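This report is meant for someone meeting the structure for the first time. It begins with a single pair of residues and works outward from there.

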Amino acid sequence: MNTTIKTFLVRLIFLGVVAKILSLFMYLVLPKIPLKKEYNFDITPQYIRVHFNTLFGKNSSVDMNSPAIYITQVGDLVLKGLYGNQKHGYAIVANKNNPIETTIISIGEVYQGYTLQAIYIDHIVLEKTGKKYSLYLQKPKNDHLSVQVPLQSSSNEDMIHVYHDDISYYASNPNAIWKNISIRELKKNGKIEGFKIVWIRQNTKFSQLGLKKGDIIIKANNKRLKSYKDAIDIYKKVSKIKTLSIVILRNGEEKELVYEVE
Amino acid sequence: MVKKTLIFFGLSIAFILIFAFFLPKKNLLYFIQKELYPSHIVFDFKQVSESGYSLKLQESILYFEGVDVFTCKRSEIRTYLLYNTIFLKNIVLSDLAKEFIPLKVDNLKIIYGIHSPLQLSFNGNGDFGTVKGYVDLVQKKLFLILYPSVKMKKKYYKTLRYLHKNKQGELSYEYNY
């Protein structure tokens, strides 16, 4: 065999060995298992509204004449706010151990086994296993916590009405959204803390939503907005939901806005 | 001298090809996955198999900031170090894009080679039509030319407004990232 070919082959084998050693070294250094996608299971209870009085196709009758027990705390429930009248409206309740986390319940809705039956100027009537309880409003504490208790109202004025037609229009014309409102994520230490309203056009559907420039949307339907995914999940569902509740930070205080989709 | 140069080049190419063959491609993919994670990009897949110069992936999904960008039924990465290609087949884009473009992409081919080390070129076709373009890695620029399908022209004409018509009548788009 020609010496040149022989030398070439020897060198080739040597380079092959070097290549193998290098790849083995890389194998030892590089990760052996794929990155497992972290599935963040959300333990926040889903914001669901169930109208039990219409669930089975008939309205349940409310007997307002039966005696009620007058207390300011039912089980772990405390009343944080209310609006509406005896037959229509919503109550804002919370767990006494965690009064910041509020839940809105409507008349006829069951929450922790209690059915909301009626709303009065300063209390609500709950019913459980035939017994009635009158739950009175808590006095807001003037402590350091900057939690704004939702306004008490005897009418439906606080409920902002949104129309399906508008939602469908903006869902199919996303550019029309950004002509009227500008929202940017607010990050702290690289993590999303909420979505800030950078700009909002006045006298538009968006300004009628009760949002103002500088507001930071931190929650939607009882879920913290910690990623784009959280926000997009709400966007995807918005055409199907009947009620949307968002919590905003305005001037350092939390404020809840409730929308009814018609 | 010529002979020596030829031998040198021959051995160099041979070394590169042997090294590319032995390269632990699966582990390299896992490494890229980990490197992308801090940028909130997650590349997930159901199955991966390595053979020779290629790496085949089944049912892969790309997430950005937790949002699924696209799913791809089959993809293949071929690496010869000096010339690398990624073939993606049966891509379905996130339905968030359904108002802007048709979601189905049949094929997408991405090429990165020594012939153009500062650019990453691509071409593909799908319900939207045909696309070709490149990513300039230095200028951080994406440039593409779209040949829209009838469906794209009829149903997604609003998106086409964002594209620029050049002298040849082609629709082009430029984005600096």
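A good place to start is Lys219(A), which stands opposite Val247(A) in E14(A). This pair belongs to the stretch where strand E12 (residues 216-220) of chain A and strand E14 (residues 243-250) of chain A run antiparallel, joined over four bridges. What is described here is a predicted model, and every value in the text is computed from it.

**Strands of chain A**

Strand E14 of chain A has a further partner, strand E15 (residues 253-261) of chain A, to which eight bridges join it in the antiparallel sense. Along this pairing, Leu244(A) has Tyr259(A) in E15(A) as its bridge partner. E14(A) and E15(A) form a hairpin with two residues between the strands, and in this hairpin Asn251(A) adopts a positive phi near 50°.

Elsewhere in chain A there is an open sheet of three strands, in the order E2-E3-E4, with antiparallel pairing. Its edge strands are strand E2 (77-84) and strand E4 (98-106) of chain A, each of which pairs on one side only. On average, and with direction ignored, neighbouring strands of this sheet are turned by 25° against each other. Seven bridges hold the antiparallel pair made by E2(A) and strand E3 (residues 89-95) of chain A, and Leu79(A) is found opposite Val93(A) in E3(A).

**Chain B and its sheet**

Chain B averages a pLDDT of 92, and 100% of its residues score at least 70. Its secondary structure comes to four helices and ten strands, and from the N terminus on the elements follow the order α-α-β-β-β-β-β-β-β-β-α-α-β-β. Of the 177 residues in chain B, 12% are buried. Among the contacts in chain B with a separation of 6 or more, 33% join residues 24 or more positions apart.

Ten strands of chain B form an open sheet with antiparallel pairing, in the order E1-E2-E3-E4-E5-E6-E7-E8-E10-E9. The edges of this sheet are strand E1 (41-51) and strand E9 (164-165) of chain B, and each of them pairs on one side only. Three of the antiparallel pairs are set out below, each with a pair of residues that face each other.

| Strand pair | Bridges | Facing residues |
|---|---|---|
| E3(B) (residues 67-79) and E4(B) (residues 83-93) | nine bridges | Arg74(B) and Lys89(B) |
| E4(B) and E5(B) (residues 104-113) | nine bridges | Thr85(B) and Ile111(B) |
| E7(B) (residues 129-136) and E8(B) (residues 141-148) | eight bridges | Asp136(B) and Lys141(B) |

The hairpin of E3(B) and E4(B) has three residues between the strands, and within this hairpin Leu81(B) takes a positive phi near 65°.

**Where the chains meet**

For the complex, the predictor gives an ipTM of 0.82 and a pTM of 0.62. How many residues does each chain bring to the contact? Chain A contributes 24 residues and chain B contributes 23 residues. On the side of chain A that touches chain B, the elements giving two or more residues are helix H1 (3-29) and helix H5 (228-237) of chain A, and the largest share, eleven residues, comes from H1(A). By class, this side of chain A has 15 nonpolar, four polar and five charged residues.

Helix H1 of chain A packs against helix H1 (residues 2-22) of chain B at an angle of about 35°, with their axes 9 Å apart, and H1(A) passes H1(B) in a right-handed crossing. Among the residues of H1(A) that take part are Phe8(A), Leu12(A), Leu15(A) and Ala19(A), while those of H1(B) include Ile7(B), Leu11(B), Phe15(B) and Phe22(B). The residues of this contact between the two helices divide into twelve nonpolar, two polar and two charged.

A residue further along chain B also reaches chain A. Phe31(B) lies in helix H2 (residues 25-36) of chain B, and, when residues up to four places away in sequence are not counted, Phe31(B) touches Leu30(A) and Pro31(A). Is Phe31(B) buried, partly exposed or exposed? Phe31(B) counts as partly exposed because there are 16 C-beta neighbours inside 10 Å, whereas a buried residue would need 20 or more and an exposed one would have 12 or fewer.

Terms used: Residues numbered from 1 in each chain as written. Chains lettered and ligands numbered in written order. Predicted model: local features only at pLDDT ≥ 70, side-chain atom pairs only at ≥ 80, totals over all residues. pLDDT = per-residue confidence, 0-100. Contact = placed C-beta atoms within 7 Å. Nonpolar A, V, L, I, M, F, W, Y, C, P; charged D, E, K, R; others polar. Pairing = 2+ DSSP bridges. Axes fitted to C-alpha atoms, helices over the stretch in contact; angles between N-to-C directions. Left-handed = near helix turned anticlockwise from the far one by under 90°.
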